[in-house]
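Some labels on a structure deserve a check. Here each one is set against its cut-off.

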Amino acid sequence: MLSGSATAVVAEDSADLYNRVIKWIAVPILLFYSLQFLVSAYGPAADAEQNDSLVRVGADSGLRMDLHTPMPEWLVQSHATGAVVLVLLMLAQKEVVVRMARAYSGNRQLHKYIGFAGLAACAVMDIAGYALGRYSAFDSFTLFSVFFAAPFAVFGVATLVSAKLRWWRVHALCANMILKGCLATPISRLGGATLQHLGWPTAAGYYQGIFGVTAVVSLWQLADLYAFLAQPTPTGAGTIKKKS
């Protein structure tokens with residue numbers, strides 16, 4: 001169950017729901033969002049006085065956060081850059097997996113390089129994001145930031161360890177969990193901003209928007225986990241060319 005033939009797992013992953021349907025909608029949107037996010041992150045500071053309190057307004061979505069003190073821009077930029085680079089690398093990695101299904105050996109090294117780069121971007125995003133939590137005036141935000149970042153950290157480590165152990169099915173499962181997190185994060189920011197614009201209190205809109213989208217994406221993650229546990233280990237590799 002844990003391992004399976006590497007080439008068979010690649011063939012299975014290259015034909016998953018993301019590659020069949022979701023990427024044709026998600027990739028153009030995420031590429032546009034990522035560009036806008038990077039431009040806004042490196043633009044003027046978004047901290048502003050609103051109703052006698054300090055508020056951080058996300059230029060990408062309008063998502064608001066009450067602050068104790070202004071956030072250091074280098075931390076904001078590090079967090080944003082790590083997040084966007086991770087999204088772009090995960091999108092690229094899924095395309096490399098499709099190429100690996102046609103020519104495994106010729107794309108294996110590129111897959112490895114993108115994987116290590118993605119783990120580095122994930123670490124920057126998580127560390128900078130956690131460091132920013134101390135500036136938020138939201139109740140229990142430090143605890144929230146730990147729980148929000150933890151899945152990326154856990155699945156990132158699991159992706160690396162499973163590759164070292166050659167547990168290819170676990171490796172694919174964990175990498176796809178990170179991909180789902182990359183899909184959920186911008187949607188959750190937009191969801192939180194929408195609730196705030198509809199009149200929800202700043203903190204409630206922030207939390208409920210993010211939790212709501214996360215819950216929906218978690219159903220997809222649970223479906224993948226169920227399929228992982230229920231399906232027999234793929235063993236065939238006859239449909240993949242091992243030579244480039």
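Q: How many aromatic pairs does this predicted model hold, and what makes two rings a pair?
A: The count is 11 aromatic pairs. Two rings pair if their centres lie within 6.5 Å.

Q: Why is the pair of Phe141 and Tyr206 called edge-to-face?
A: The ring centres of Phe141 and Tyr206 are 5.9 Å apart, with 65° between the planes. Planes over 60 degrees apart count as edge-to-face, so the label holds. Phe141 is in helix α5 and Tyr206 in helix α7, 65 residues apart.

Q: What makes Phe144 and Tyr206 an edge-to-face pair?
A: The centres of Phe144 and Tyr206 are 6.1 Å apart, and 6.5 Å is the limit, so the rings pair. Their planes stand at 75°, and over 60 is edge-to-face, so that label follows. The pair ties together parts of α5 and α7 that are 62 residues apart in sequence. Phe144 and Tyr206 are both buried.

Q: Which residues do ring pairs link into a cluster?
A: The cluster holds Phe138, Phe141, Phe144, Phe148, Tyr206, Tyr207 and Phe211.

Q: How do you know that Thr202 is buried?
A: Its relative accessible area is 17%. Buried means under 20%, so Thr202 qualifies. Thr202 sits in helix α7 and touches Phe138 and Gln196, among others.

Q: Why are α5 and α6 called roughly antiparallel?
A: Helices α5 and α6 pack at about 155°, with their axes 8 Å apart. Angles over 145 count as roughly antiparallel, so α5 and α6 fit the term. Their crossing is left-handed. The contact residues divide into 12 nonpolar, 6 polar and no charged.

Note on methods:
Residues numbered from 1 in each chain as written. Predicted model: local features only at pLDDT ≥ 70, side-chain atom pairs only at ≥ 80, totals over all residues. Heavy atoms only, no water. Helix = DSSP H or I, 4+ residues; strand = E, 2+ residues; numbered from the N terminus. Buried < 20%, exposed > 50% of the residue type's maximum accessible area, 1.4 Å probe, protein only. Contact = heavy atoms within 4.5 Å. Axes fitted to C-alpha atoms, helices over the stretch in contact; angles between N-to-C directions. Parallel < 35°, antiparallel > 145°, perpendicular 65-115°, else oblique. Left-handed = near helix turned anticlockwise from the far one by under 90°. Nonpolar A, V, L, I, M, F, W, Y, C, P; charged D, E, K, R; others polar. Phe/Tyr/Trp six-rings, centres within 6.5 Å; stacked < 30°, edge-to-face > 60°. Lists of a residue's contacts leave out its neighbours within four places in sequence.
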